[in-house]
Amino acid sequence: MEFLLQQLVNGITLGGVYALVALGYTMVYGIIQLINFAHGEIYAAGGYMGVILISWLFSQGFPPAVCLGAALVLAMGYCAMLAMAVEKVAYKPLRQSSRLSVLLSALGMSIFLQNGLMLTQGVYDRAYPTEMVQGGFEFGGAVVSWMQVIIVGVTVLLLVALNLLVFKTRIGKAMRATAQDKTMSALVGINSNRIISLTFAIGAGLAAAAGIMVGLYYGSVRYDMGFVPGVKAFSAAVLGGIGNITGAMLGGLIIGMIEVLAAGYISSEYKDVFAFVILIAVLYFMPTGIMGENVDDTRV
Amino acid sequence: MKRALYLISMLLLASFVAVGCGGEKKEDKKAEAPKAGLKIGSLGPLTGQYAADGNDIKNGVLAAIEVMNPEMGALGPVTLQAEDDACDPRQAVAAANKLINEKVTAVIGAYCSSATIPASEPLIAAKIFMITPASTNEKVTERGMPYMYRTCGRDDDQSKAAVKFMAEQLKAKAIYIVDDKTTYSQGLADNVEKLAPGANLKVLGHEHVNQGDKDYSAVLTKVKAAKPDVFYVSLQNSASAAPMLIQIARMGIKTKILAQDAVYHPQLMELAKKDAEGVFLTFGYTDKETPAYKKFAEAYKKFGEPGAYSAYSYDSTVAYLKAVKAAGSTDPEKVKAELAKLEFDGASKKIKYKENGDSGSNYVIQVVKDGKFTNYWNPETGELFK
Amino acid sequence: MTIRASKLWLGYGLAMVWFYFLLWPLMGIKPEGLEFQTSLAVWGKVAAASAVLLALYQLKQGGAFRFLEKPAQAGAEALAAVTGRVPTWLALCVVAGAAVAFPFLTERYAHDVAISVLVYIILGLGLNVVVGLAGLLDLGYIAFFGVGAYTYALMSVHFGLSFWLCLPISGCFAAIAGCIIGYPTLRMRGDYLAIVTLGFGEIVRIVINNWMSLTNGPNGILGIKAPGAYWFNKGSFEHIWLNNLEQLYFVILGLAVFTIVAVYRLNYSRIGRAFEAVREDQTAAELMGVNTLRLKLLAYALGAVFGGLAGTFFAARMKFVSPESFTFIESAMVLAMVVLGGMGSIPGVILGSLALIALPEVFRGFELYRMFVFGGVMAVMMLFRPRGLWPAKRMGVRSEEKD
């Protein structure tokens, strides 16, 4: 029981991170039907910005809580700017081209950004000041660290904020309209370019938050850290039904849980196999994911 | 306006390329200045997941060249051609062929055993010396390759030292093993598992994690439940070991931890901080007080702290250059004869290559104490270091 | 200055400011304090270079280079007229001649790169059947390459079977793997397909990495035999191993030519047309009596066969296989070749493979900047030629062009 409880705690933490990254994939996909390969790199950039800002603010003598909060906000802003730039440079000119061309451009940007991070930040891991958040508490025999609490807390907070933004505000309405039909929404006066930019920015902000929390949790960041979570989060987005925000959250949580439980009870070396097999099985019976809508037949 | 923005962003990309070219040219000039002389190559992952270790190797070679250059006389000056293999067998072979084309006479590298083995085929066939400072897999030297040498130790020796330490010094009864599925880390872990029953150690479990994973919580929960006396951690490098140590501490696992030589890197303490304290590791014995080590440390200073394989790569280069100097030429047969005779005090250990190219292992147990790697126990004598 | 030009420069200024905001935090914020020098130096270089390029572009738009453009255009037209008159067979002969003469004119490093390029041409053409012809996005194609490589490696090491015998065997195994992957994906479309194939690719790699008793896990398999051949020597035939890079070059050249011919014939066959019908509009194709499910399976199997062939050669050429060669990024590379070259176009895929394998080797001189430049170039190439370097000629109007 203790064992299960501990694994569940681990799974929720991991799932929360996947969910935050998966949201970026799903939002971008929902609006321009692009698998944004560069998203994992935005997440890595967020991790780096976090460590850069935290160590600078810390050296200026701010208290830890202020450092953390300010770094979180600033890094989210930075990544939003970065993602908007990437969108302008690499995706927008290709909006009329075939979707695979954009996919390839995204792949190129991913390699470009990853190596850009390597060139400016070096090949060595960068240490996070893990001593800022220490300790934890016991809960029914399972150890829960404060860092895990923060991860889950910030994730929930951001998810609630995102839901409010998308479903309760005018901007959110515009985003949903653009995702449904770009031409029609443009006709009723929505600036679709601006909405697309905004979508990229929001997705990137969430990824940046995930990057910082992962850095604090695991103690370090590296320029290629975006790749593995990127693939996992993409799977999560598809599992939940790509294009669907609630689906992405659910998908992230499920993938995180499967991984941890498979590693805990079956075999740690085949845990990714289990994650993918379940993904394939779900898609076989629900070809559009758990919460996805029917995709137009003619799309390739 | 839109068009303009688009255009500019394009230009930005193009200019990045231009900047890249600019940087490149400058380096070229530096490299071209000394004409002729001796050219050696280095092979290692300069990009990708293990880029840090690859750069350590390259820097070790550079330091050695700087030290040896004044001594080389008419044979010099020595220049380096550093190639990237990204730890990918295909790229390693391509890089090896490139080095053959560039007419290098020796290659220091590679890092991953899975890159060293395929790259050695064309190199040895072209009669180019290959001295690996880091590939500890037994097969590297056991294929009867005439020009293949190894400066670091071997996995089988290292696992013996580890098992001996756990049984005799730590008086452990039950151990738990984790590796991250590379030729190196799994090879070591498997050896330990095989040797453990002979030393009355019970293996409670042997788990594998995937490379690139940072979340070990599921495996660690299992370890915690199993309550071993010693937790044997075999990971490919320090960057993956640091998050492991942090999570071990966070989980409240209090067992002793034994790691291996790949984890030896100053960044371990930088990343894991106080969570690295008290971790044991097997590592080739290096006396940091010898003149040879101090000379190395001096030459290496400008690259930062030496990593796990910096001293080995330095010694590999020095050994080759000494042999060339003694032979008076780069003729492979003469150099091979000299390498067989060669014996000197290297930075890492006493260098003496055996018939098959191995240089022997001298693993000791180190411990992380006050943020520093300190020698702890000598398996040869079974005694603690003072 | 015209309004347009000033807008252009305004945009330039904005972009540069934006760029500096992105660059400075990465380079300038340090615990020791804020620093502007290094980031400004890099920024200055980039700004200057892009200003020059922008100015050149403006001059070109303004017609300042017309004196250059006119003769260049005339030359290009003349060249096109000449090449247009050259019969296709002659052009093909020239290409074939160049390919045969290549190893005699170059050094071993070039041979090595050429062999890699040819391997990837086969892979690219195989994936082209799946993506270009049948329109099924596949992100796990490298799995078939792995299946082929491991099939030959195991057959060679355990049973001592020869390379030539193993070629068809590996092809069959890969085709079976293709069907296994294809079957559950038949009902899925578009990007769901992408993630499922990606998942399969990863599953194959993880299984190879973990199935110690069969594949020796991460240690890989050593001691694979090179292809053998009988060669006329001193009045009698004798058996030799084709270890030499030049000999291997001709083996892979032969395989590549076989692949090119096969894919070319497939393109214009009934099946090829059916593939295109499925790609363009599955519902319509089904109405016309095309069995779409069977065709999709066939596309996967056919694509996989070529992957298997390439894998067999890869194992024989490296004499060593390990799971590191079959990662997701390799799948992405092969896909990049197909898209960059031009989907569905054989010369395009060949060009794409050449670009993506040869470029990183050309960029080796950049050292650390290698992959950085490569990624940038990849994105830029896509921006300039979104339909690929050598797009396939297609008839009629397509659905994706309409929207």
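Angles between a helix and a strand are given here between N-to-C directions and run from 0 to 180 degrees, with each axis being a line fitted to C-alpha atoms, for helices over the stretch in contact. With that convention, helix α7 (residues 217-226) of chain B lies across β6, β7 and β8 of chain B and runs at about 170 degrees to β7(B). The structure described below is a predicted model, and its confidence values are therefore taken up before the domains and the contacts between chains are described.

## Confidence

The model as a whole has an ipTM of 0.84 and a pTM of 0.85. In chain A the mean pLDDT is 88, with 97% of the residues reaching 70 or more, while chain C has an average pLDDT of 85, with 96% of its residues scoring at least 70. Among the elements of chain A, helix α8 (residues 192-218) of chain A has the highest mean pLDDT, 93, and strand β2 (residues 136-139) of chain A the lowest, 83. In chain C, helix α6 (residues 142-159) of chain C has the highest confidence, at a mean of 94, whereas helix α17 (residues 399-402) of chain C has the lowest, at 51. A stretch to read with caution is residues 295-300 of chain A, over which pLDDT stays under 50, and for which the model has 12 contacts beyond four places in sequence.

## The sheet of chain B

Chain B contains an open sheet of eight strands in the order β7-β6-β8-β9-β10-β13-β14-β15, and the pairing within this sheet is mixed. Strands β7 (202-208) and β15 (383-384) of chain B stand at the edges, and because each has a single partner strand, one side of each is left without a neighbour in the sheet. In general, strands of a sheet pair through backbone hydrogen bonds, in either a parallel or an antiparallel sense.

Strand β6 (residues 174-179) of chain B is joined to strand β8 (residues 230-234) of chain B by five bridges, and the two run parallel; within this pair, B:Tyr176 has B:Phe231 of β8(B) as its bridge partner. The pairing of β6(B) with β7(B) is also in the parallel sense and extends over six bridges, and here B:Asp179 has B:His208 of β7(B) as its bridge partner. Between these two strands the chain passes from β6(B) through α6(B) to β7(B), in a β-α-β crossover that is right-handed. The connecting helix, α6 (residues 183-195) of chain B, lies across β6, β7 and β8 of chain B and runs at about 160 degrees to β6(B).

## Domains of chains A and B

The domain divisions of chain A and chain B, with the distances between the C-alpha centres, are set out below.

| Chain | Domain 1 | Domain 2 | Distance between C-alpha centres |
|---|---|---|---|
| Chain A | residues 22-127 + 146-225 | residues 226-291 | 21 Å |
| Chain B | residues 34-152 + 288-361 | residues 155-277 | 29 Å |

In chain A, the contact between the domains takes 19 residues from domain 1 and 17 residues from domain 2. On the domain 1 side of this contact, α1, α2 and α5 (146-168) of chain A each supply at least two residues, and α1(A) provides the largest share, seven residues. The residues of that side divide into 12 nonpolar, five polar and two charged.

In chain B, the contact between the domains takes 13 residues from domain 1 and 16 residues from domain 2. Here α2 (51-68) and α4 (113-125) of chain B each supply at least two residues of the domain 1 side, which divides into three nonpolar, seven polar and three charged residues.

## Contacts of chain A with its partners

Chain A brings 28 residues into contact with 35 residues of chain B. The elements giving two or more residues to this side of chain A are α1 (2-32), α3 (64-91), β3 (142-145) and α10 (245-266) of chain A, and α1(A) gives the most, with five residues. By class, the side of chain A that touches chain B has 12 nonpolar, nine polar and seven charged residues.

The contact between chain A and chain C takes 51 residues from chain A and 51 residues from chain C. On the chain A side, α2 (39-59), α3, α4 (99-121), α9 (227-240) and α11 (271-285) of chain A each supply at least two residues, and the largest share, 14 residues, comes from α4(A). By class, this side has 33 nonpolar, 14 polar and four charged residues.

Key:
Residues numbered from 1 in each chain as written. Chains lettered and ligands numbered in written order. Predicted model: local features only at pLDDT ≥ 70, side-chain atom pairs only at ≥ 80, totals over all residues. pLDDT = per-residue confidence, 0-100. Helix = DSSP H or I, 4+ residues; strand = E, 2+ residues; numbered from the N terminus. Contact = placed C-beta atoms within 7 Å. Nonpolar A, V, L, I, M, F, W, Y, C, P; charged D, E, K, R; others polar. Domains from an automatic or database assignment. Pairing = 2+ DSSP bridges. Right-handed = clockwise from strand over helix to strand, strands pointing away.
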